[in-house]
Amino acid sequence: MDFTHYKEAFLKESRKLGFSLPNIQRCLDYAEVLYSHQVPVIYNTTHLSALVGYKKEYLKKASLFTNHFYRDFEVAKKNGSKRLISEPLPSLKEIQMWILRNILYKVPISAFAKAYRPTVSLLENLRFHKNQPKVFTLDLENFFPSIRVEAVENEFLELGYSRIISKLLSRLCTRDGSLPQGALTSPYLSNIVFKVADAAIAAYCKEHKIRYTRYADDMSFSGDFDENKLLQIVTEILEKMGLRINSKKTKLMTPDMRQIVTGVVVNQKPQVIFHKRNQLRQALYYIQKFGFEEHREYKEITQKNYMEHLLGTINFVLQINPKDAEFIKYKALLFDLKHKQDLKTIENELFSI
């Protein structure tokens with residue numbers, strides 16, 4: 001429904017309900033701005049409640065007492081430290097999914113942001129940096145926690161939502177005043193909030209013929225440039241947003257080195273780094289020689305989803321190089337093993353009845 005049809009339907013219904021002309025006009029002015037951004041019209045909390053399918057009281061509690069609507073757990077990072085994940089409860093997750101699909105995905109983001117976009121693959125982030133004289137990568141420190149609820153609320157206000165609705169939506173997407181690692185809305189919201197910084201960084205890079213992309217909190221630059229001046233400019237832009245660069249992960253890579261962007265070598269052609277490929281080769285060698293369970297037992301692998309982990313890593317390799325015959329063979333082998341495991345599980349369940 002376009003705004004003309006919405007206006008006609010609203011006028012007809014509001015007159016039946018006895019709305020005054022000033023109130024009708026005020027509602028239509030409000031709705032027209034939201035229609036211009038192609039996002040749903042939400043007049044108040046009761047209206048949002050009807051749209052998402054949860055009671056108004058539930059929405060208020062979820063926005064005020066956020067800690068009660070998440071469960072926390074830790075996952076291991078590559079460096080051995082732990083990352084805290086805050087997963088929303090199923091009901092809040094459903095509400096966040098509605099916000100993501102109906103509002104956030106309608107908001108344009110920077111073309112330089114390559115992560116968390118439904119139609120953009122990792123290859124989009126890599127192809128710009130292939131075979132360059134310099135590759136310079138920066139990592140943002142505590143990316144999601146550094147994006148505050150006030151910045152999120154401001155994005156809803158810019159779409160045209162009222163102060164009350166913007167505050168409610170922003171609090172349904174945040175926890176303890178920032179984006180939680182684990183909420184469905186956090187990734188895309190980070191892109192929306194960061195679009196101003198993306199634009200400022202891209203403007204400098206365009207002026208100095210530097211290639212720039214950002215994949216979540218990983219910023220990549222390539223070409224022939226003064227990396228110290230670039231670092232100064234980017235740092236100044238980020239500080240205005242309350243963001244900082246993790247100096248320990250800042251890397252300058254020249255052609256005589258492995259130039260790595262988001263875990264992938266980009267010197268001549270995109271390629272998953274050798275040690276990851278070699279780990280897969282070794283695992284598949286032992287699995288073929290001794291058997292899957294025997295390999296797990298010998299290596300003391302307790303990971304319950306180890307098969308899925310291997311398949312996911314192989315799929316990552318094939319995403320970068322879809323015609324890699326070696327890893328196509330490994331994938332087929334694991335699929336065959338998984339099929340046999342599934343059949344054995346079904347057989348055991350049948351005989352246990």
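**Exercise 1. Find how much surface the protein exposes, and what share of it carbon and sulfur atoms supply.**

Step 1: Bear in mind that this is a predicted model. Its exposed surface comes to about 20,200 Å².
Step 2: Carbon and sulfur atoms supply 54% of that area.
Step 3: Now turn to the inside. With buried meaning under 20% relative accessible area, buried residues make up 43% of the 353 residues.

**Exercise 2. Describe the overall build: how many helices and strands are there, and what does the C-alpha trace span?**

Step 1: Going along the chain, you will find 15 helices and 10 strands.
Step 2: Along the principal axes, the C-alpha trace spans about 80 × 70 × 35 Å.
Step 3: Take the contacts with a separation of 6 or more: 65% of these join residues 24 or more positions apart.

**Exercise 3. Locate the largest nonpolar core and name the residues with the most contacts inside it.**

Step 1: This core has 70 residues, and Ile-99, Ile-103, Tyr-161, Met-219 and Phe-221 have the most contacts inside it.
Step 2: Helix 10 (residues 186–207) gives the largest share of the core, 10 residues.
Step 3: Another core, of 24 residues, lies apart from this one; Ala-283, Met-307, Leu-311 and Ile-314 are among its members.
Step 4: Zoom in on Phe-221. Beyond its neighbours within four places in sequence, its contacts include Phe-136, Leu-138, Ile-201 and Cys-205, as well as the charged Lys-134 and Arg-211.

**Exercise 4. Work out how far apart the mean positions of the positive and negative charges are.**

Step 1: Count the charges: 53 are positive and 39 negative.
Step 2: Compare their mean positions, which are 1 Å apart.

Notes:
Residues numbered from 1 in each chain as written. Predicted model: local features only at pLDDT ≥ 70, side-chain atom pairs only at ≥ 80, totals over all residues. Heavy atoms only, no water. Core = buried A, V, L, I, M, F, W, Y, C linked by side-chain atoms within 4.5 Å. Buried < 20%, exposed > 50% of the residue type's maximum accessible area, 1.4 Å probe, protein only. Helix = DSSP H or I, 4+ residues; strand = E, 2+ residues; numbered from the N terminus. Contact = heavy atoms within 4.5 Å. Areas by Shrake-Rupley, 256 points an atom, 1.4 Å probe, with all protein chains shown as cover. Charge placed at Lys NZ, Arg CZ, Asp CG, Glu CD.
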